[in-house]
Amino acid sequence: MKKIVALFSIMFLGLVLAACQTTQGTIVIGANIYTYGDNFMNGVVRPELVRYAAQKGVTLNIVDSENDQAKLNDQVDNFISQGVDVLAINLVDPAAAGTIINKAKAAGIPLILFNKEATVAGVMNTYDKVWYVGTDSAEAGVIQGQMMLADWQANPSWDKNGDGKVQYVLLKGESGHPDAEARTRESVKAFTDAGIVMERLGLQDSNTWNTAEAQNTMQSWITSFGNQIELVISNNDGMAFGAVTAMKSASKVYPIYGVDALAQALQMIGVDELNGTVLNDGVNQARATIDLAINAAQGKPVTEGTSWVLRTDGTKAVRVAYVAVTKQNYQSFQ
Ligand code: BGC
Ligand code: CA
């Protein structure tokens with residue numbers, strides 16, 4: 001009898017252990033941020049990745065890729081040799097998605113890409129265990145454009161030279177980044193669709209989303225164009241902060257709009273230093289990234305048990321919605 005009880009105990013223990021191996025407590029996620037120097041990625045997305053992973057009881061190993069794709073490649077190799085269960089990767093170079101996908105595929109580890117969407121056509125279909133979490137890049141530009149157009153039409157005095165056209169400067173951000181490209185296109189299109197001619201005085205295409213660089217660029221635009229500038233379009237808040245600093249030190253005020261809705265941007269809307277922004281919901285992007293990673297690590301359908309919706313258009317993407325933020329509603333985002 002004792003023997004039988006002992007035998008059953010051992011069998012039961014074995015079952016419990018087997019069950020444990022697939023529970024969340026044992027999952028290790030290898031993750032990165034393309035650079036801790038990015039206001040949005042480091043200030044909004046990283047803290048929520050850390051917080052939400054802890055809430056879910058999974059281990060998150062997260063590293064800084066210092067804006068260096070070669071460094072990220074090495075970090076991914078390290079994660080793979082450490083035996084992580086799943087990778088959550090913020091590409092440095094969106095065109096390098098294939099390199100990371102191939103590494104994950106060779107190791108048989110599922111991969112969640114987030115924030116920087118792969119730009120090489122078809123690359124997402126080279127591996128059945130890769131997905132993307134981000135936004136619909138064009139949406140931010142559409143919303144920002146509509147917001148600027150409405151304000152332009154409501155404020156005839158903004159057309160300083162009275163020619164009916166908008167003389168503008170645009171801080172683009174990282175060239176080749178789907179968000180930078182789509183925002184640049186769509187924000188201006190809102191005006192041209194309404195029959196308003198857009199005249200671009202300056203375009204910053206410096207390959208970064210950096211605040212200090214944007215400040216320098218804005219400074220030189222002020223020197224070159226002064227009162228000709230009627231509108232400043234910034235593809236993110238971080239660059240808008242730099243532009244506002246330059247405007248203040250030159251005692252200039254131009255209508256200026258950003259994207260992201262960082263805490264500082266909301267404050268600036270409150271004191272009329274920024275005219276508007278677009279919420280880039282990094283908190284929900286971080287949560288979706290962790291949720292998909294946990295499911296993928298367990299071999300479950302990635303959105304199972306969550307409210308995230310996977311696009312069925314071949315992009316294998318979860319896209320979190322953008323929201324317009326103006327003087328009318330900014331307080332509800334603080
Ligand atoms: C954000 C930018 C950020 C970039 C990083 C974009 O979605 O709006 O602020 O610099 O992602 O990839
Ligand atoms: Ca004008």
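This short dialogue looks at how ligand 1 is held in a predicted model.

Q: Which residues come nearest to ligand 1?
A: A residue is near a molecule if one of its heavy atoms lies within 4 Å of it. Here 13 residues surround ligand 1, and Asp38, Asn115, His177, Asp179 and Asp260 come nearest.

Q: What is the distance from an oxygen atom of ligand 1 to the side chain of Asp38?
A: A polar contact is a pair of N or O atoms within 3.5 Å. For Asp38, a side-chain N or O atom is 2.5 Å from a ligand 1 oxygen; for Asn115 the distance is 2.6 Å.

Q: How much of ligand 1's accessible area does the protein cover?
A: Such areas come from the Shrake-Rupley method with a 1.4 Å probe. On its own ligand 1 has 310 Å², and the protein covers 99% of that.

Q: Why does ligand 1 lie between domain 1 and domain 2?
A: Domain bounds come from an automatic or database assignment. Ligand 1 lies between domain 1 (2-134 + 282-319) and domain 2 (138-280) because both give residues to its shell.

Residues are numbered from 1 along each chain as written, and ligands from 1 in written order. Local features need pLDDT of at least 70, and side-chain values use heavy atoms.

Methods: Predicted model: local features only at pLDDT ≥ 70, side-chain atom pairs only at ≥ 80, totals over all residues. Polar contact = N/O pair within 3.5 Å; in protein donor to acceptor, adjacent residues only side chain to side chain.
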